[in-house]
Amino acid sequence: MTKIALICGSYAFDSIMVFHDHFNNHILPDRVHMLNVSFLVSTMRKEFGGCAGNIAYNLHLLGAKSVPMATVGTDFTPYLAWMKKCHMNTAYIKIIEDQYTGQAFITTDMSDNQITIFHSGAMDQSHQNKVSDVGMVDIGIVSPDGRTGMIEHAEQFKQLNIPFIFDPGQGMPMFSGEELINFIEQSSYVVVNSYESQMLQDRTGLNLENIAIKVKALFITKDIQGSEIHTEGKVINITPVKVDVSQDPTGCGDAYRAGLLYGLMNNMDWKTIGQLAGLLGAIKVTHLGAQNHQFDMGYIEKYYQDNYGELL
């Protein structure tokens, strides 16, 4: 495969904690306007993360040519060493002086609900990178990043006639309904989870049919219920991959997005794209952290056949 994917988005250090209870047992519904809660956690891990970092990592495992583009801080040294150890492209990782790399503090409860606090740091300078800096690119993704960077990278993809996925994710609250509609109309594909799907509809005033008609495909992940693809006036339901033990949902959505990119880069049909993406998410959820799992295409092909009864 010779196609190249440009991954625009965040790189971050993840501090991941597990709360061995359920958030809703400690939040009083009639007191959410004056919330004052504390969750005691017994374990904490520090991991490499960020949307662009996670997507690029999974694409790299698949053997795809991916170019991550991001702005990071002067504390990025151990992450950079990890990327080089994995033989990943680091040419468009720009270090911003006097800034920290993005920092995510993630707490997950026993129902896989998550509360995340994110310090953007150098990510806010992502607009210093330009899509045109990379040269030949076949497809891209605009994932959560600095506000200005997301706006400008979407515009640059459009101007260069490069199809891209719009992945608003946690960045959605930064944008007005009009701005989100502009992102949708510039992009070729949109991907959100079920919660983000409702938020996107509320903010834009568009229903799913209205959104889907503006792009080639709208992908919606639905956690343990699988996912669905809205395209060409129909909805394709993708059954979930069964996993024995769910270890950590952090980075599952990014693994899914890597599967989408790989499928699109290889001209797969919609059902196969959705199933492959779901497969990558399932592999990730069985491992702690966003970049601690390993696989190759031989493993993926066997795992795919075992789950779907057909060849990839």
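How many aromatic pairs does the structure hold? Hello everyone, let's start there. The answer is 18 aromatic pairs, and please keep in mind as we go that this is a predicted model.

Let me pick out one of those pairs for you. The rings of F13 and F48 have centres 6.2 Å apart, and their planes sit at 50 degrees; planes under 30 degrees apart would count as stacked and over 60 as edge-to-face, so this pair is called tilted. What I like here is that the pair links distant parts of the chain: F13 belongs to strand β2, F48 belongs to strand β3, and 35 residues separate them.

Are these two rings buried or exposed? F13 has a relative accessible area of 15%, and because buried means under 20%, F13 is buried. F48, with a relative accessible area of 23%, is partly exposed. Both rings also belong to a cluster, in which ring pairs link Y11, F13, F48, Y57, F76, Y79 and W82.

Now let's look at the strands that carry this pair. β2 covers residues 12-18, and it pairs with β3 in the antiparallel sense over 6 bridges. If you want a spot to find on screen, look for S15, which stands opposite K46 in β3. Lying across both β2 and β3 is helix α2, residues 77-85, which runs at about 60 degrees to β3.

Zooming out, what is the order of the strands in this open sheet? The order is β3-β2-β6-β7, 4 strands with mixed pairing. The edge strands are β3, residues 44-49, and β7, residues 114-119, each of which pairs on one side only. On average, neighbouring strands in this sheet are turned by 20 degrees against each other, direction ignored.

At the β7 edge, strand β6, residues 102-108, runs antiparallel to β7, and 6 bridges join the two. Here T108 stands opposite Q114 in β7. The hairpin of β6 and β7 has 5 residues between the strands, and in it D112 takes a positive phi near 65 degrees.

Let's go back to F48 for a moment, since it has a contact worth showing you. N54, in helix α1 (residues 51-61), touches F48 and G49, and also G251, D254, A290 and Q291, leaving aside residues up to four places away in sequence. N54 counts as buried, at 3% relative accessibility.

On to the nonpolar cores. In soluble globular proteins, nonpolar side chains tend to be buried together. In this model, the largest nonpolar core has 54 residues, and I7, Y11, L59, F219, W270 and I300 touch the most other members. Another core, of 29 residues, lies apart from it; among its members are A154, L180, V192 and I220. As for W270, its contacts beyond four places in sequence include Y189, F219, I229 and L264.

W270 brings us to the last stop, because helix α8 covers residues 270-285. The axes of α8 and helix α9, residues 297-308, come within 11 Å and cross at roughly 105 degrees. That makes α8 roughly perpendicular to α9. On the α8 side, the contact is made by T272, Q275, L276, L279, L280, A282 and I283. From α9 come Y299, I300, Y303, Y304, N307 and Y308. You may recognise I300 from the largest core.

Thanks for listening, everyone!

Conventions. Residues numbered from 1 in each chain as written. Predicted model: local features only at pLDDT ≥ 70, side-chain atom pairs only at ≥ 80, totals over all residues. Heavy atoms only, no water. Pairing = 2+ DSSP bridges. Axes fitted to C-alpha atoms, helices over the stretch in contact; angles between N-to-C directions. Contact = heavy atoms within 4.5 Å. Phe/Tyr/Trp six-rings, centres within 6.5 Å; stacked < 30°, edge-to-face > 60°. Buried < 20%, exposed > 50% of the residue type's maximum accessible area, 1.4 Å probe, protein only. Core = buried A, V, L, I, M, F, W, Y, C linked by side-chain atoms within 4.5 Å. Parallel < 35°, antiparallel > 145°, perpendicular 65-115°, else oblique.
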